[in-house]
Amino acid sequence: MHILLVEDDAVLADGLSRVLAAQGMAVEVVGDGLLADAALQRPEPAVAVAVLDIGLPGIDGFEVVRRLRA
């Protein structure tokens, strides 16, 4: 399962990604909303789950979801 972890706090992102990877998941970590938007628009690898912070640099998590739904 491919998980996109969107978190701008490096310590939190590292801890979460380690836990998810230990459970056998492929984790991609990005630190801002614009990178998250780009990752979610790519056809491959398909993101099965996005763990999304709301307060992000670039565009916030709400805007990432709005763009994904559009």
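Start by selecting D37: setting aside neighbours within four places in sequence, D37 is in contact with I59, V64 and R67. Contact here means heavy atoms within 4.5 Å. You'll find D37 in helix α2, where D37 is buried, at a relative accessible area of 14%. (Buried means under 20% relative accessible area, exposed means over 50%, and partly exposed is in between, with a 1.4 Å probe and protein chains only.) Now draw a distance from D37 to V6: the two are 31 residues apart in sequence, and their C-alpha atoms are 9.9 Å apart in space.

Before you go on, some ground rules. This is a predicted model, in which local features need pLDDT of at least 70, side-chain atom pairs count only at pLDDT 80 or more, and totals for chains, interfaces and linings use all residues. Residues are numbered from 1 along each chain as its sequence is written, and side-chain values use heavy atoms, with hydrogens and water left out.

**Stay on helix α2**

Click L34 next. L34 also sits in helix α2, which covers residues 33-41. Is L34 buried or exposed? Neither: at 46% relative accessibility, L34 counts as partly exposed. Show what surrounds it, and, beyond the neighbours within four places in sequence, L34 is in contact with G58, I59 and R67. Measure from L34 to I59 and you get 6.0 Å from C-alpha to C-alpha, although 25 residues separate them in sequence.

**Over to helix α1**

Select residues 10-22 to light up helix α1, then pick out S17 inside that helix. S17 is buried, with a relative accessible area of 14%. Which residues does S17 contact, leaving aside those within four places in sequence? They are L5, V27 and V29.

**Two loops to look at**

Jump to D53, in the loop between β3 (49-52) and α3 (61-69). UniProt, in an unreviewed entry, lists D53 for "modified residue: 4-aspartylphosphate". Such annotations may be inferred rather than shown by experiment; feature names are shortened, and positions are given in the numbering used here. Not counting residues up to four places away in sequence, D53 touches V6, E7, D8 and G61.

Then go to P45, in the loop between α2 and β3. Look at the peptide bond from E44 to P45: that bond is cis, with omega near -10°.

**Zoom out**

Switch to a cartoon of the whole chain. There are 3 helices and 3 strands, and from the N terminus they run β-α-β-α-β-α. (Helices are DSSP runs of H or I with at least four residues, strands are runs of E with at least two, and both are numbered from the N terminus.)

Select residues 2-70 and you have the stretch where the unreviewed UniProt entry places "domain: Response regulatory". The end C-alpha atoms of residues 2-70 lie 22 Å apart, and the span is 45% helix and 20% strand.

Turn the chain around: its C-alpha atoms fill a box of roughly 35 × 25 × 15 Å along the principal axes. Buried residues make up 29% of the 70 residues. Among contacts with a separation of 6 or more, 64% are between residues 24 or more positions apart.

Last, colour by charge. The chain has 5 positive and 11 negative side chains, and the centres of the two sets lie 6 Å apart. Lys and Arg count as positive, Asp and Glu as negative, while His and the chain ends are not counted. Each charge is placed at NZ of Lys, CZ of Arg, CG of Asp or CD of Glu.
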